[in-house]
Structure formats: C-alpha cells, structure tokens
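Hi everyone, thanks for making time. I'd like to walk you through a structure that may be new to you, so get comfortable and have a look.

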Amino acid sequence: MKFPELLDNAAVHNARLTKDFFRENNITLLDHPACSPDLNPIENIWGWMAREVYKNGHQFQTVDALCEAIFTTWSNVPTSLLETLASSMPKRIFEVINKNGGATHY
C-alpha cells in the first residue's frame, strides 16, 4: 500500500525500527520541518481540548478530576472538527510548499 504519511522529525519517527517499518510496507513519507504543527492537525485538537477542559477559568482540585475532564473531552471531540481538520490537509501541504517549509497561518 502506498500513501503519503505525515510525520514530524521527532526522534521516535526517525528510529531505525520506524524507518524499516515504513520501507517494508511501501509507505511513502512527505518531508517537512521537524515538529511542524503546520502539518499536524492533532495540535489543533490538543488546543481545542485545552480550551474545553479549562473553559471559564476552570481549575481542578485533584489529578483524578483533571484526568476525568480530559477523558470526557476526548470522548466528545466533535466529528465536524475532525472532518474540518482532515479536509484542511491539502491546503496545509500546499501552503507549506509555497512557504518553502516556513510558518503558515495554521
């Protein structure tokens, strides 16, 4: 199976074992800047989750309460947000290419 995969250049993604897996499975990777949130929509999800968990200045009294809020928020990520982020990928890639790997508005 061949498809472009988006990974940052984090050490775990550059490990020999990881590279071997992609090569053995014919997975083509796209080059992009290290740790680039421009091509990593999970950063947008983390941002949304942080805003939801702490909305209205909410503070947590226990780690358990914070964990519960995080898990609840994760379970309620809107499908529309996921669809919007997925459909933004071609635009994100195009903008990064046009900016020669520089910063984008994403």
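I'll go through the core, then a helix pair, then the salt bridges, and end with a couple of backbone oddities. Keep in mind that this is a predicted model.

Okay, the core. The largest nonpolar core has six residues: Ile 45, Trp 48, Met 49, Val 77, Leu 81 and Leu 85. Two elements, H3 and H5, each put in two or more of those residues. And H3 is the top contributor, with three.

Let's stay with Leu 85 for a second. Leaving out residues up to four places away in sequence, Leu 85 touches Pro 41, Asn 44, Ile 45 and Arg 92.

That brings us to the helix pair. Helix H5, residues 79-87, and helix H6, residues 89-98, have axes that come within 4 Å and cross at roughly 40 degrees. On the H5 side you've got Leu 85, Ala 86 and Ser 87, and they meet Met 89, Pro 90 and Arg 92 of H6. Sorted by class, that contact is four nonpolar residues, one polar and one charged.

Now, salt bridges. How many does a search of the whole structure find? Three. Asp 20 is in two of the pairings I'll show you: with Arg 16, where the closest N and O atoms are 3.8 Å apart, and with Arg 23, where they're 2.8 Å apart. Asp 20 and Arg 16 sit four residues apart in helix H2, about one turn. Asp 20 and Arg 23 are also separated by about one helical turn, because they are three residues apart in H2.

So is Asp 20 buried or exposed? Buried, since its relative accessibility is 17%, and the cut-off for buried is under 20%. Its partners are another story: Arg 16 is exposed at 64%, and Arg 23 is exposed at 55%.

Then there's Lys 55 with Glu 52, closest N and O atoms 3.4 Å apart. Both count as partly exposed, Lys 55 at 45% and Glu 52 at 30%. Back to the other group: shared partners join Arg 16, Asp 20 and Arg 23 into one network.

Last bit, the backbone. Most residues other than glycine have a negative phi. Asn 26, though, has a positive phi near 50 degrees. You'll find Asn 26 in the loop between helix H2 and strand S2, partly exposed at 45%. Asn 56 has a positive phi too, about 60 degrees. Asn 56 lies in the loop between helices H3 and H4 and is exposed, at 79%.

That's my tour, thanks for listening!

How values were computed: Residues numbered from 1 in each chain as written. Predicted model: local features only at pLDDT ≥ 70, side-chain atom pairs only at ≥ 80, totals over all residues. Heavy atoms only, no water. Axes fitted to C-alpha atoms, helices over the stretch in contact; angles between N-to-C directions. Contact = heavy atoms within 4.5 Å. Nonpolar A, V, L, I, M, F, W, Y, C, P; charged D, E, K, R; others polar. Buried < 20%, exposed > 50% of the residue type's maximum accessible area, 1.4 Å probe, protein only. Core = buried A, V, L, I, M, F, W, Y, C linked by side-chain atoms within 4.5 Å. Salt bridge = Lys/Arg side-chain N within 4 Å of Asp/Glu carboxyl O.
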